[in-house]
Protein chains: 2
Amino acid sequence: MRAPDVTSGGDPARTLALLWREPSTAARRGPQRGLNLDAVIEAATAVTNTEGLTGLTMRRVAQELRVSPMTLYTYVPGKAELLDVMLDAAYGRMSRADTTGQPWRVRLTAVAEENRTLFETHPWTATVSTLRPPLGPGAIGKYEHELTALDGLGLDDVEMDDCLTLLLSFVQANARVAAEARATAQLTTVTDEQWWAAAGPLLARVLDPAAYPLATRVGSAAGTAHGSAHDPAHAYEFGLRRLLDGLATLIERTTPAASENS
Amino acid sequence: MRAPDVTSGGDPARTLALLWREPSTAARRGPQRGLNLDAVIEAATAVTNTEGLTGLTMRRVAQELRVSPMTLYTYVPGKAELLDVMLDAAYGRMSRADTTGQPWRVRLTAVAEENRTLFETHPWTATVSTLRPPLGPGAIGKYEHELTALDGLGLDDVEMDDCLTLLLSFVQANARVAAEARATAQLTTVTDEQWWAAAGPLLARVLDPAAYPLATRVGSAAGTAHGSAHDPAHAYEFGLRRLLDGLATLIERTTPAASENS
DNA sequence: GTCGTACGTTGTACATTGTACATCGTACGG
DNA sequence: CCGTACGATGTACAATGTACAACGTACGAC
C-alpha cells in the first residue's frame, strides 16, 4: 500500500473514537492487552522526535515497545491514524499562556511563539499535512485557546479564523524550512560548506553576473548577512513583524472595540 | 535506500552540471543514446503533474518512455537529482510579466500570481522541499525576475530578499494546502460530505459547545462561510492583502524612493 | 467447574519503492 | 579491424505497510 505520511487515512468514525478515547462498547474477552494507545503514541512520538518522519516505522515503534510489528494494529488501525493521534496528543501538550488584558500584538506573538515551540520540540509536526486536522481534544483545545487571543478585537467570526489561519500558516511554513534544514543536515553527509566548496567553482563559471545582476548581488548579500543561504530565525522575526503590521490595518480600523484592547 | 522526495540528494557538482546542461567532456563511444535529459524531465513532469509526487516512480517514468527502469540512470544519477532538474525546468517555464513602472503592490501581486499559477499547473512543486533550491538557470532566472519587482523601492539587499522570501513562502504554504486538498480528495474515496456525515454525530456527542465556545462558534461560522472546512482561494486573497499591508509599513517609510514608485 | 468463542499476539507473506550489480551488445578510436 | 568505453537491461535486495491465518488466552453462560 502507499505510504501515507498523511493524516486522516481511514474511517473517520474510527479515528474520532480513537482521538476521544471512546471506550469500545463490547466487553473485553481473551488475553489482556499488554499495551494501550497512549503507550504506542508515546513510543511513536519519541521515535519521530529524534529520527524524523522517515524514521517513523511500524517496525521501529514495535521494537521500541518490545512487541511484534503487527501488535500495533490492535491499538491503531494503521499508520495514518497513528499520526493523527500523535498530532492531537502533541497539540494537547502545548503550553497555553494566559494573555488576557495584554495588547493584541503581544497575544498573537505568544500564540506564534507557542506554535514555534511545538515545531521545534516536535519537528515532524511542521511537515505533516494538516488539511483535515485531527478533531481531537488536543486540536480543539488548541483552536479554542488561540481564538481567545483574537477575541474582542472587533473582528467577526470569519475574520478571526482568517487571521489565525494566516498566522499559523506563516509559523508552520517557517518551521517547515527550519525542520528541512536540520533534516538535510542530518541525512546528507554534505555540510553547507562542503556543498558550496563543490558547487562554487562550477557556479562561478556558469553564472554570469551581467545576466543576473540582481540575483547575484542580492543573493550574495543575503547569504553573507545570515551565515547560510537561508536563516529561518531571521525570516521568522521579519515575517512576524510584517504579518502583525498587516493584521493591524484590519484590527485597528476606526472601531472602539479595537482601541480598547490594543 | 530511503525514498528521497527531496532535492539535492547527491553530488552538488554532478547536479549543477545536469542543471546547466554541461556537456560531458569525454567523447561519446558505444551505442547511441536513445533519449536525452529533457525527454526524461518531460515524461517525469507529465507523470507527476497528473498523478502527484507519489505517482512519480522511476518505473512509471521508464514505462512512459518505453524503456527499462534502469535506463533512466544513464541520464540522471537518481531520483533526487531528477526532482532537481524537474523543478528547475518548471521554474524556467514560468511566465514573467514585465510590470516596470507599475505601483509596487501591482508588481508584487503579479509575482505572487505567477507562483500561484506554477503551483496550480504543477501541484507537486508546492510540496517538494526547496531548502537548497536547484541553482539552475530556471531558478536563478526566476529569482532575478522576482527581485526586479522589489527593486527601486528603497529597500536594501537583505530586505529585498526578506520580502521576497516572505511573499513566496506565503504563496507556497497556501498552495500546499490547496494541493493537499486535491490530493486527499483524489486518494481517499471519502468525500468531504461523507466525512462529515460519518464524523458529525460522534463529534456532536463528544464536543461540548460550553467547553469550547469560541471553537464551535467560529469553526462553524468559517465552515459555513466557505463551502468546506477550509477555502484556500479565500485564504489566499485575505493573506495576500494582509501581507502587502504589512510590507507597506516597511516600503512606505518616509523615503522619497518609495513614494515615487508607489 | 467447564467450555465455546471473542480477542490479543505473532510469523509469514506480498506488493511496492529505489537502485546496485553483472551482463550483453554496440560503435568509435587507434 | 578490433579492443574498449558506454548504453540498455534483467535480476536482485533491502525496506516499507499491512493482509492473513494460526495460536493461545480468559471471560460469560450454563
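I will talk about how the protein chains in this predicted model meet DNA strands C and D.

Let me begin with DNA strand C, which has 28 residues around it, the nearest being Arg28(A), Thr71(A), Met58(B), Arg59(B) and Tyr73(B). Of the atoms of this strand that come within 4 Å of the protein, 62% are accounted for by sugar and phosphate. Several polar contacts go to phosphate oxygens of DNA strand C: a backbone N or O atom of Met58(B) lies 2.5 Å from one, an N or O atom in the side chain of Tyr75(A) is 3.1 Å from one, and a polar side-chain atom of Arg33(A) lies 3.5 Å from one. Sorted by class, the surface near DNA strand C holds ten nonpolar, ten polar and eight charged residues.

Turning to DNA strand D, there are 29 residues around it, and those that come nearest are Arg59(A), Tyr73(A), Arg28(B), Gly34(B) and Thr71(B). Here 62% of the strand's atoms within 4 Å of the protein belong to sugar or phosphate, while the rest belong to bases.

Which atoms of DNA strand D do Arg29(B) and Pro31(A) approach? An N or O atom in the side chain of Arg29(B) is 3.1 Å from a base nitrogen, and a polar backbone atom of Pro31(A) is 3.5 Å from a base oxygen, whereas for Thr57(A) a polar side-chain atom lies 3.4 Å from a phosphate oxygen. The elements that give two or more residues to the surface near this strand are helix H3 (58-64) of chain A and helix H4 (72-75) of chain B, and by class that surface has eleven nonpolar, ten polar and eight charged residues.

Methods:
Residues are numbered from 1 along each chain as its sequence is written. Chains are lettered from A and ligands numbered from 1 in the order in which they are written. This is a predicted model: local features need pLDDT of at least 70, side-chain atom pairs count only at pLDDT 80 or more; totals for chains, interfaces and linings use all residues. Side-chain values use heavy atoms; hydrogens and water are left out. A residue is near a molecule or strand if one of its heavy atoms lies within 4 Å of it. A polar contact is a pair of N or O atoms within 3.5 Å; within protein, one must be able to donate a hydrogen and the other to accept it, and residues adjacent in sequence count only if both atoms are side-chain atoms. Ala, Val, Leu, Ile, Met, Phe, Trp, Tyr, Cys and Pro count as nonpolar, Asp, Glu, Lys and Arg as charged, and the others, Gly among them, as polar. Helices (H or I, at least four residues) and strands (E, at least two) are DSSP runs, numbered from the N terminus.
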